[in-house]
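Subject: Handover of a structure and findings

Dear colleague,

Please find below the structure that I am handing over to you. My findings follow it, grouped by topic.

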Amino acid sequence: SLPSASRLFQNMGRVLKKKRKQKRKLRASQKARAAQELEDQKPPRSFVIHRGAVGKEIQQLALDVRKIMEPYTASHLKVRQNNVLKDFVHVAGPLGVTHIVVFTKSEMSINMKISRFPRGPTVTFRVLSYALMSDVLASLKKPRTTLNQYKNPPMLIMNNFPTDVKHMKLLTTFMQSSFPTINVQHVKLSEIQRCVLLHYEEETNVIEYRHYNIRAIPVGMSRQVGKLVKSKVPDLSRYQDISEYVLGGNVSESEFEDAEEARVSLPQALPGRGNATSQQSAIRLTEIGPRLSLQLVKVESGLCEGEVLFHQFVTKTKEEVKALRRKKASSKRLKIQRRKQQEANVRKKATEKKTRQKQSLKQNRNPDESESDEDDDVEYYRKEVGGEPDPDLFGGAGSRNKRRRREKPPSAKKWKGGEEAGATKWKGKDGRSGGGPKVVAKKAKKVKIGQFFRTSRKNQEKT
């Protein structure tokens with residue numbers, strides 16, 4: 001029947017609507033998860049700057065540290081003298097910058113601060129010694145640097161850091177967050193061409209900061225075979241057969257195989273001949289600089305401010321720490337109260353300004369009110385003094401406008417002689433003469449002010 005068929009279609013429509021809603025919710029949740037995953041996978045970005053008068057060497061050191069943080073750093077950032085930390089904080093959000101490294105110099109030492117945007121923490125190091133990238137490369141016999149190695153971020157290696165001490169544990173997690181993480185399942189070995197080594201020495205409390213280039217060399221062949229593999233044509237003029245070159249030749253002790261610890265079987269092919277998959281190769285590191293020896297001085301909870309979580313040279317008792325926390329909380333409350341008071345004052349001034357503007361508009365629209373106020377003043381003067389006031393004594397806005405209208409000089413058209421009459425003089429009501437309408441108006445105004453002062457003095461003498 002027709003009613004049963006219509007009900008059936010209605011039920012089918014409801015079921016389809018529910019399914020559509022469920023699909024929309026599922027898509028929205030999937031999009032949200034994908035966005036969150038992308039947010040988590042975003043690599044940390046950094047600013048590396050110097051503040052104050054540090055000298056050319058520290059400026060070059062800051063540029064070398066930028067090289068370490070490549071490619072996720074502002075390599076061409078220019079800092080002006082009038083820039084403050086707040087400027088970088090405001091810019092960091094839109095650009096996705098997470099860390100800032102600041103080099104400063106005092107009379108005592110050179111300092112390096114690493115902070116996380118936007119709320120900290122901040123780690124302060126003292127630079128005990130350093131060597132620039134140019135100095136390190138000049139000391140090497142065969143420096144190995146390529147432009148492609150800075151297209152990918154370095155791999156962080158942290159050695160000998162204790163995990164049972166709170167501030168060292170915080171330092172470990174903080175330094176790990178300043179470099180991109182490596183996904184072991186999806187990483188490409190050809191992209192890992194550099195590494196940053198942080199080695200902690202417990203006896204001296206010094207952190208050695210090193211920067212290396214990584215390369216793989218095939219194992220199990222002599223220097224002669226290695227040259228052939230690398231497509232280098234050797235000089236065979238002294239040999240009758242190539243076998244003499246491959247099997248013979250003097251081999252020094254330094255040309256023997258690398259240590260067993262340095263040998264690895266490659267899961268992926270690496271750039272370079274002989275570095276094929278599942279082949280054994282030796283990993284060699286070449287230092288490319290810069291080189292830093294750091295000492296941890298201070299750890300703060302905020303962005304270059306806040307509670308001091310650790311200090312190398314200053315220790316405080318629990319009572320002193322509690323007192324400092326109370327003082328900071330009270331200052332924070334006072335700051336909030338002041339801000340609220342300032343906002344209330346601003347709102348109050350804005351409302352007062354609006355009311356004044358409304359009153360002035362009303363007075364301009366109703367000039368009779370000003371005239372009524374003027375009449376009240378005249379009546380009060382008659383009662384108190386017993387005489388008629390001078391007409392210029394209680395001159396309001398309306399009366400002034402009337403006087404201006406009355407004493408307006410005639411136009412040039414009404415003068416005798418037309419345009420030539422400009423040379424003739426015109427006499428106003430005060431009996432004084434002037435050269436033209438504008439001059440007469442100015443002089444009449446001056447006379448009027450003088451009359452007002454004279455009449456006010458006479459009225460004072462009478463009273």
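Helices (H or I, at least four residues) and strands (E, at least two) are DSSP runs, numbered from the N terminus. Please note that this is a predicted model.

Cis peptide bonds

A cis peptide bond is present between Glu 70 and Pro 71, with omega at about 0°. Pro 71 belongs to the loop that runs between α2 (56–68) and α3 (85–95). Another cis peptide bond links Phe 117 to Pro 118, and here omega is about -5°. Pro 118 sits in the loop between β3 (110–116) and β4 (122–131).

Positive phi angles

Asn 160 is not a glycine, yet its phi is positive, at about 65°. The loop between β5 (155–159) and α5 holds this residue. Is Asn 160 buried or exposed? Asn 160 falls between the two: its relative accessible area is 39%, so it counts as partly exposed. Asn 205, also not a glycine, has a positive phi of about 55°. Asn 205 lies in the loop between β6 (194–201) and β7 (206–218). With a relative accessibility of 28%, Asn 205 is likewise partly exposed.

Helices α2 and α5

The 13 residues of α2 should span 18 Å at 1.5 Å a residue. The C-alpha atoms at the ends of α2 are 19 Å apart, which agrees. The buried residues of α2 are Ile 58, Leu 61, Ala 62, Asp 64, Val 65, Arg 66 and Ile 68. The charged residues Asp 64 and Arg 66 are thus among those that are buried in α2.

Helix α5 covers residues 166–177. Its 12 residues should span 16 Å at 1.5 Å a residue, and the separation of 17 Å between its end C-alpha atoms agrees with this. In α5, the buried residues are Met 168, Leu 171, Thr 172, Phe 174 and Met 175. An α-helix has 3.6 residues a turn, so residues three or four places apart point the same way.

Cavities

How many cavities of 30 Å³ or more does a search of the whole structure find? The search finds three. The largest cavity has a volume of about 90 Å³. Its lining consists of Val 65, Met 69, His 99, Val 101, Met 112, Ile 114, Met 175, Ser 178, Phe 179 and Tyr 209. Two elements, β2 (99–105) and β3, each give two or more residues to this lining. By class, the lining of the largest cavity has eight nonpolar residues, two polar residues and no charged residues. Val 65, which is buried in α2, and Met 175, which is buried in α5, both line the largest cavity.

The second largest cavity holds about 60 Å³ of space. The residues that line it are Pro 44, Arg 45, Ser 46, Ile 68, Met 69, Glu 70, Tyr 72, Pro 153, Pro 154, Ser 178, Phe 179 and Pro 180. Eight of these lining residues are nonpolar, two are polar and two are charged. Met 69, Ser 178 and Phe 179 appear in the lining of the largest cavity and also in that of the second largest cavity. Glu 70, which takes part in a cis peptide bond, is one of the residues that line the second largest cavity.

The second largest pocket

The second largest pocket contains about 840 Å³ of space. Its lining comprises 29 residues, and those nearest its centre are Gln 41, Lys 42, Pro 43, Pro 180 and Thr 181. Pro 180 also lines the second largest cavity. Both α1 (2–41) and α5 supply at least two residues of the lining of this pocket. The largest share, three residues, comes from α1. By class, the lining of the second largest pocket has 12 nonpolar, nine polar and eight charged residues.

Rings and a further contact

Two aromatic pairs are found in a search of the whole structure. In addition, Lys 67 is placed over the face of Tyr 150, 4.6 Å from the centre of the ring.

Leu 309 is part of strand β11 (residues 308–311). Leu 309 has a relative accessible area of 48%, and is therefore partly exposed. The C-alpha atom of Leu 309 is 9.6 Å from that of Pro 121, although the two residues are 188 residues apart along the chain.

Yours sincerely

Definitions and conventions:
Residues numbered from 1 in each chain as written. Predicted model: local features only at pLDDT ≥ 70, side-chain atom pairs only at ≥ 80, totals over all residues. Heavy atoms only, no water. Expected span 1.5 Å × (residues − 1). Buried < 20%, exposed > 50% of the residue type's maximum accessible area, 1.4 Å probe, protein only. 1 Å grid on protein atoms, 1.4 Å probe; cavity = no way out; pocket = protein on both sides within 12 Å on 5 of 7 lines; lining within 4 Å. Points joined across faces, edges and corners; volume = space filled by probe spheres on them. Phe/Tyr/Trp six-rings, centres within 6.5 Å; stacked < 30°, edge-to-face > 60°. Lys NZ or Arg CZ within 6 Å of the ring centre and 35° of its normal.
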